Amino acid sequence: MLEVAREATETGIREAGIDVRLCDIGEAIQEVMESYEVELNGRTHQVKCCRNLTGHSIAPYQIHAGKSVPIVKGGEGTRMEEGEFYAVETFGSTGRGYVREDMECSHYMKNFDVGHVPLRLPKAKQLLGVIDRNFGTLAFCRRYLDRIGESRYLLGLRNLCDVGIIQPYPPLVDIKGSYVAQYEHTLMLRPTRKEVLSRGDDY
């Protein structure tokens, strides 16, 4: 499964470039991903793209910057542009190829475009200050709050989520018993080439 997701991501990287339509990248990724079958626990499974997950453009302090890199055929003909950064990520599944939120949430991120929202709960105000100082609009988890000495913050965190300042990111699952693999690289579109920024000796 990991090798399938890796090859699909590498295909997306090869297809990416200035003036390339994002929907064409998605079609190429799907063709590679869904050409595979895997044998797990004595059963053969067709690998499917998780059609409701995508890669995305990245901007300073904004991980999800507005453009989506699909991993299936279809979608808009929006084009990549010079100077943009992208997370090309693929998700393959032995299940339905459609994920949903499940289980307790532990990961969060401050919404990039949120304006001033009045807060009545003192703990929410205090926690927002901690989040702004330590994470800004980058993702964080409750373990990070624990490590910097925060305690008894769940009510304040829930309030920040309820008013739309913080976006919760609960675990995503396909059907029970299925396997899902994800692979990702970050690239930049320079004037004369694309550069994979996350590639290293071990990845």
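**Labels and their cut-offs**

Biologist: Why does Arg152 count as exposed?

Modeller: Arg152 has 79% relative accessibility, and exposed means over 50% relative accessible area, with buried under 20% and partly exposed in between (1.4 Å probe, protein chains only). So Arg152 earns the label exposed. Do keep in mind that this is a predicted model, where local features need pLDDT of at least 70, side-chain atom pairs count only at pLDDT 80 or more, and totals for chains, interfaces and linings use all residues. Residues are numbered from 1 along each chain as its sequence is written, and side-chain values use heavy atoms, leaving out hydrogens and water.

Biologist: Where does Arg152 lie, and what is its phi?

Modeller: Arg152 sits in the loop between α4 (142-147) and α5 (154-162); helices (H or I, at least four residues) and strands (E, at least two) are DSSP runs, numbered from the N terminus. Its phi is near 50°, a positive value in a residue other than glycine. Tyr61, also not a glycine, has a positive phi of about 60°, and is found in the loop between β4 (55-58) and β5 (68-69).

Biologist: What makes Tyr61, Phe112 and Leu138 a nonpolar surface patch?

Modeller: Patch residues have over 30% relative accessible area and no salt bridge (a side-chain nitrogen of Lys or Arg within 4 Å of a carboxyl oxygen of Asp or Glu); like charges are joined within 9 Å, and nonpolar side chains (Val, Leu, Ile, Met, Phe, Trp, Tyr) within 5 Å. Tyr61 has a relative accessible area of 62% and Phe112 one of 40%, so both pass the 30% mark. The patch covers about 340 Å², an area from the Shrake-Rupley method with a 1.4 Å probe, where for residues only the protein chains shown count as cover.

Biologist: Why is Phe112 called partly exposed?

Modeller: Its 40% falls between the buried and exposed limits, so partly exposed is the right name. Phe112 is in the loop between β8 (107-110) and α3 (122-134).

Biologist: Lys110 is found in strand β8. Why does Lys110 count as buried?

Modeller: Lys110 has 18% relative accessibility, which is under the buried limit, so the label holds. Leaving aside neighbours within four places in sequence, Lys110 is in contact (heavy atoms within 4.5 Å) with residues including Leu128, Asp132 and Ile165.

Biologist: How do you know that the side chains of Lys110 and Asp132 make a polar contact?

Modeller: They are joined at 2.6 Å. A polar contact is a pair of N or O atoms within 3.5 Å; within protein, one must be able to donate a hydrogen and the other to accept it, and residues adjacent in sequence count only if both atoms are side-chain atoms. The 2.6 Å value therefore meets the distance cut-off.
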